[in-house]
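Please look over the chain shown below. A short report on its layout follows.

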Amino acid sequence: MPGSTRTMAGLTVGGLVVVTAYSVTLGSNGWLWFTWVVLMLVTLGALAARGS
């Protein structure tokens, strides 16, 4: 996995931790979850593009 894709994957996992912690402490926020899902899809797209 190249460096930029590894960084994106790390940010995606870190984002999941932050969004989950926010949801547990302050309540769920749909926009945060939506943003995280978009980030995850972009990361998966980058992984698929690197794999082909």
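## A tryptophan and its ring partner

Trp 36 is buried, because its relative accessible area is 14%, under the 20% cut-off for buried residues. This is a predicted model, and the values that follow are computed from it.

Trp 36 has an aromatic partner, Trp 33. Both residues lie in helix 2, 3 residues apart, which is about one turn of the helix. Trp 33 has 28% relative accessibility, so it counts as partly exposed. That value falls between the 20% and 50% limits.

## Aromatic pairs

How many aromatic pairs does a search of the whole structure find? It finds 2. A pair of rings is described by the distance of the centres and the angle of the planes. The table gives both values.

| Aromatic pair | Centre to centre | Angle between planes | Class |
|---|---|---|---|
| Trp 31 and Phe 34 | 5.8 Å | 90 degrees | edge-to-face |
| Trp 33 and Trp 36 | 6.4 Å | 80 degrees | edge-to-face |

Trp 31 and Phe 34 are also in helix 2. They are 3 residues apart, so about one helical turn separates them. Is Trp 31 buried or exposed? Trp 31 is exposed, because its relative accessible area is 65%, and the limit for exposed residues is over 50%. Phe 34 has 48% relative accessibility, so it counts as partly exposed.

## The two helices

The chain has 2 helices and 0 strands. Helix 1 covers residues 3–26, a run of 24 residues. At 1.5 Å a residue it should span 34 Å, and its end C-alpha atoms are 34 Å apart, so the two values agree. Just after helix 1, Gly 27 takes a positive phi of about 100 degrees.

Helix 2 covers residues 30–51, a run of 22 residues. From first C-alpha to last it reaches 31 Å. The expected value at 1.5 Å a residue is 32 Å, so the reach is close to it. What caps the N-terminal end of helix 2? The cap is Asn 29. One of its side-chain oxygens lies 3.0 Å from the backbone nitrogen of Trp 31. Trp 31 therefore appears twice here: in this cap and in an aromatic pair, with Phe 34 as its partner.

## Where the helices meet

Helix 1 has these buried residues: Thr 5, Thr 12, Gly 15, Val 19 and Ser 23. The buried residues of helix 1 pack against helix 2.

On the other side, Thr 43 sits in helix 2. Thr 43 has 5% relative accessibility, so it counts as buried. Which residues does Thr 43 contact, leaving aside its neighbours within four places in sequence? They are Met 8, Ala 9 and Thr 12. With Thr 12 there is also a polar contact: the side chains of Thr 43 and Thr 12 are joined at 2.8 Å. Thr 12 is itself one of the buried residues of helix 1.

## The chain overall

The C-alpha trace spans about 40 × 15 × 10 Å along its principal axes. The radius of gyration of the chain is 12 Å. A compact globule of 52 residues would have one near 10 Å.

Of the 52 residues, 13% count as buried. The accessible surface comes to about 3,700 Å². Carbon and sulfur atoms hold 76% of that surface.

Notes:
Residues numbered from 1 in each chain as written. Predicted model: local features only at pLDDT ≥ 70, side-chain atom pairs only at ≥ 80, totals over all residues. Heavy atoms only, no water. Helix = DSSP H or I, 4+ residues; strand = E, 2+ residues; numbered from the N terminus. Rg over C-alpha atoms; globule rule 2.2 N^0.38 Å. Buried < 20%, exposed > 50% of the residue type's maximum accessible area, 1.4 Å probe, protein only. Areas by Shrake-Rupley, 256 points an atom, 1.4 Å probe, with all protein chains shown as cover. Polar contact = N/O pair within 3.5 Å; in protein donor to acceptor, adjacent residues only side chain to side chain. Contact = heavy atoms within 4.5 Å. Phe/Tyr/Trp six-rings, centres within 6.5 Å; stacked < 30°, edge-to-face > 60°.
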